[in-house]
Amino acid sequence: MILLGWNPDRGADPFGGYRSAVDEVAAAGLFRCRWVLPPRQATAGTEVWLFSQGGGDRGVLGHGRVVSSPDAQPAGPGGSPGFVEFDALRPRGDSILLDLLTLRVPGIAWGVNRPSRRIPAAAGPALRTLWAETSTLEEADPLLPPPGTFPPGALAQARVNRYERDPSARRVCLGHHGTSCAVCGFSFEEAFGPPGRDFVHVHHLVPATRLGAGYELDPIADLIPLCPNCHSMAHRRLPDPYSPAELRALRSAAGFLPGTALSAEQLTAQADAVRILGAR
Ligand SMILES: [Zn+2]
Ligand SMILES: [Zn+2]
């Protein structure tokens with residue numbers, strides 16, 4: 001795990017305007033930029049936390065991961081350039097401040113300013129908890145972990161954007177489409193009874209790459225209910241997620257593992273699924 005030090009008040013601006021980077025994460029779920037990384041430590045997949053060294057809000061401001069380790073380009077004095085993808089960036093002034101970090105995530109010299117440095121992976125859970133606790137997202141969707149709290153492995157699979165977290169858009173979407181998964185038909189209420197009522201993820205169908213500045217959400221046309229399994233599979237393809245039709249096609253084309261035989265029951269269930277879902 002690496003702490004990326006950045007002084008918003010002076011020096012280089014890797015974000016090309018921090019405010020617009022914050023907006024892009026909110027809209028698209030991620031923001032990718034070039035970053036000078038310490039050689040050898042920053043392999044692809046390494047988790048990073050953005051640390052603001054600015055006067056007013058010294059503290060943790062964002063979370064992400066290294067997506068491409070330092071290029072083949074010769075390393076400069078401070079390290080080599082690589083790419084970092086942020087999945088959570090807070091506006092300036094909303095950072096987790098120094099005293100809170102010192103109190104809750106001890107054992108790290110938070111006050112020391114460095115361009116970037118390694119911090120123990122053991123600090124991860126405490127940082128995530130703190131991030132979730134201090135999140136100012138109004139009425140955050142309790143079904144989905146706040147950004148930055150996914151375990152690293154899940155980050156690539158279940159990126160949610162702000163449309164999927166918008167509680168009122170969610171209500172409109174579920175009011176229209178119901179709460180069964182639009183791909184596999186799974187209903188949490190049917191499977192788990194009352195505790196499963198209204199439990200389902202909401203997925204935004206419009207790929208991040210097609211979200212222009214003037215985009216306005218249509219909760220009925222652009223959002224669909226998906227169970228967490230199908231939702232994770234949808235986001236398995238980057239940058240454009242699989243469409244529900246593609247997921248249904250994948251499901252009907254799959255159904256057996258090489259070297260295994262299906263039981264009569266499994267075959268019936270599969271045929272039923274094809275019939276119910278109208279898949280080819
Ligand atoms: Zn499903
Ligand atoms: Zn989604």
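**Figure 1. A salt bridge between two loops.** At 36% relative accessibility, R92 counts as partly exposed. This value, like the others in these legends, comes from a predicted model. R92 meets the side chain of D57 in a salt bridge, 2.9 Å from N to O. The pair links distant parts of the chain, 35 residues apart. R92 lies in the loop between β5 (80-89) and β6 (96-97), and D57 in the loop between β3 (47-52) and β4 (59-68). D57 is buried, with a relative accessible area of 2%. D9 joins these two residues in a network of salt bridges: D9, D57 and R92 are linked. Side chains of opposite charge can pair when their charged atoms come close.

**Figure 2. Salt bridges within a helix and between helices.** The structure holds nine salt bridges. One of them joins the side chains of R19 and D23, at 3.0 Å from N to O. Both residues belong to helix α1 (residues 18-28). They are four residues apart, so about one helical turn separates them. D23 is partly exposed, with a relative accessible area of 40%. A salt bridge also connects R104 and E133, again with an N to O distance of 3.0 Å. R104 lies in helix α2 (residues 98-104) and E133 in helix α3 (residues 124-133), so this pair ties together parts that are 29 residues apart in sequence. R104 counts as partly exposed, at 34% relative accessibility.

**Figure 3. The zinc ion (ligand 1) and its four cysteines.** The protein donors are the SG atoms of C181, C184, C227 and C230. They lie 2.3 to 2.4 Å from the zinc ion (ligand 1). In sequence, the spacing of these donor residues is C-x2-C-x42-C-x2-C. C184 lies in the loop between α6 (167-177) and α7, while C230 lies in helix α9 (residues 228-234). The pair therefore ties together parts that are 46 residues apart in sequence. The four donor atoms subtend angles of 105 to 115°, which makes the arrangement tetrahedral. Ideal angles for four tetrahedral donors are 109.5 degrees. C184 counts as partly exposed at 23% relative accessibility. C230 is buried, with a relative accessible area of 7%.

**Figure 4. The zinc ion (ligand 2) and its mixed donors.** E164 (OE), H203 (ND1), H231 (NE2) and H235 (NE2) are the protein donors of the zinc ion (ligand 2). Their distances from the ion are 1.9 to 2.1 Å. E164 lies in helix α5 (residues 162-165) and H203 in strand β8, so the pair ties together parts that are 39 residues apart in sequence. The donor residues follow the spacing E-x38-H-x27-H-x3-H. The site is tetrahedral, with angles of 91 to 122° among its four donor atoms. E164 is buried, with a relative accessible area of 1%. H203 is also buried, with a relative accessible area of 1%.

**Figure 5. Strand β8, covered on both faces.** Strand β8 spans residues 201-204. H201 and H203 lie on one side, V202 and H204 on the other, and all are buried. In a regular strand the side chains alternate between the two faces of the sheet. Four bridges join β8 to strand β9 (residues 223-226), and the two strands run antiparallel. V202 stands opposite P225 in β9. H203 of this strand is also a donor to the zinc ion (ligand 2).

**Figure 6. Aromatic contacts.** The structure holds twelve aromatic pairs. W6 and F15 form an edge-to-face pair, 4.9 Å centre to centre, with 70° between the planes. Both W6 and F15 are buried. In the pair F188 and F192, the ring centres are 6.0 Å apart and the planes lie at 15°, so the pair is stacked. F188 and F192 both lie in helix α7 (residues 188-192), four residues apart, about one turn of the helix. F188 counts as buried, at 14% relative accessibility. F192 is exposed, with a relative accessible area of 54%. W6 and F15 also belong to one aromatic cluster with Y18, F31, W35 and F86.

**Figure 7. A charge over a ring.** The charged end of R90 sits over the ring of W131. The distance to the ring centre is 3.9 Å.

Technical notes: Residues numbered from 1 in each chain as written. Chains lettered and ligands numbered in written order. Predicted model: local features only at pLDDT ≥ 70, side-chain atom pairs only at ≥ 80, totals over all residues. Heavy atoms only, no water. Phe/Tyr/Trp six-rings, centres within 6.5 Å; stacked < 30°, edge-to-face > 60°. Buried < 20%, exposed > 50% of the residue type's maximum accessible area, 1.4 Å probe, protein only. Lys NZ or Arg CZ within 6 Å of the ring centre and 35° of its normal. Donors = N, O, S within 2.8 Å, 3.2 Å for Na, K, Ca; no water. Tetrahedral: all angles 85-135°; square planar, octahedral: opposite > 155°, others 65-115°. Pairing = 2+ DSSP bridges. Salt bridge = Lys/Arg side-chain N within 4 Å of Asp/Glu carboxyl O.
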